[in-house]
Amino acid sequence: MVHHPVRSSRIASIGYDARSAILEIRFLDRTLLQYQPVPARIYNDFLLVVSKGRFYDGVIKGKFKERRIY
């Protein structure tokens, strides 16, 4: 999965696989989490918002099935 680096005090990069609707988030502490099923529009919005941490806390965390990869 291709990750896009982002500007954030907590998040290093974000990746998305449209076929499986999996969103991956790599945090600055190297933790890698996967969320699914995440609609493509949420991924696109995530890339565009100014505060990635607030978006993560309000829109993603606790709203989708979470799997810790690393």
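The UniProt annotation "domain: KTSC", which comes from an unreviewed entry, covers residues 8-64 of what is here a predicted model. Over residues 8-64 the chain is 32% helix and 32% strand, and the C-alpha atoms at the two ends of this stretch lie 21 Å apart.

Taken as a whole, the protein chain has two helices and five strands, and along the sequence these elements follow the pattern β-β-β-β-α-α-β. The radius of gyration of the protein chain is 11 Å, close to the 11 Å that the globule rule gives for 70 residues, so the chain is as compact as a globular protein of that length. Along the principal axes, the C-alpha atoms fill a box of roughly 30 × 25 × 25 Å. Of the 70 residues, 40% count as buried, while the accessible surface comes to about 4500 Å², with 52% of that area belonging to carbon and sulfur atoms. Among contacts between residues at least 6 apart in sequence, 37% join residues at least 24 apart.

Helix H2, which spans residues 52-60, shows how burial is arranged around a single element: its buried residues are Lys52, Gly53, Phe55, Tyr56 and Ile60. They cover an arc of only 165° around the axis, which puts them on the same side of H2. The general background is that an α-helix has 3.6 residues a turn, so residues three or four places apart point the same way. What covers the buried residues of H2 includes strand E2 (11-17), strand E3 (22-27), strand E4 (32-36), helix H1 (40-48) and strand E5 (65-68). Just after H2, the backbone at Gly62 takes a positive phi of about 80°.

Side chains of opposite charge can pair when their charged atoms come close, and a search of the whole structure finds two salt bridges. In one of them, Asp57 pairs with Arg10, the closest N and O atoms being 2.9 Å apart. Asp57 lies in helix H2 and Arg10 in the loop between strand E1 (3-5) and E2, so this pair ties together parts that are 47 residues apart in sequence. Asp57 counts as partly exposed, at 37% relative accessibility, and Arg10 is likewise partly exposed, with a relative accessible area of 32%. A further salt bridge joins the side chains of Arg19 and Asp17, with an N to O distance of 3.6 Å; Arg19 counts as exposed, at 79% relative accessibility, because a residue is called exposed when its relative accessible area is over 50%.

Notes. Residues numbered from 1 in each chain as written. Heavy atoms only, no water. Buried < 20%, exposed > 50% of the residue type's maximum accessible area, 1.4 Å probe, protein only. Helix = DSSP H or I, 4+ residues; strand = E, 2+ residues; numbered from the N terminus. Arc of directions from axis to C-beta. Contact = heavy atoms within 4.5 Å. UniProt positions renumbered as here; feature names shortened; annotations may be inferred. Rg over C-alpha atoms; globule rule 2.2 N^0.38 Å. Areas by Shrake-Rupley, 256 points an atom, 1.4 Å probe, with all protein chains shown as cover. Salt bridge = Lys/Arg side-chain N within 4 Å of Asp/Glu carboxyl O.
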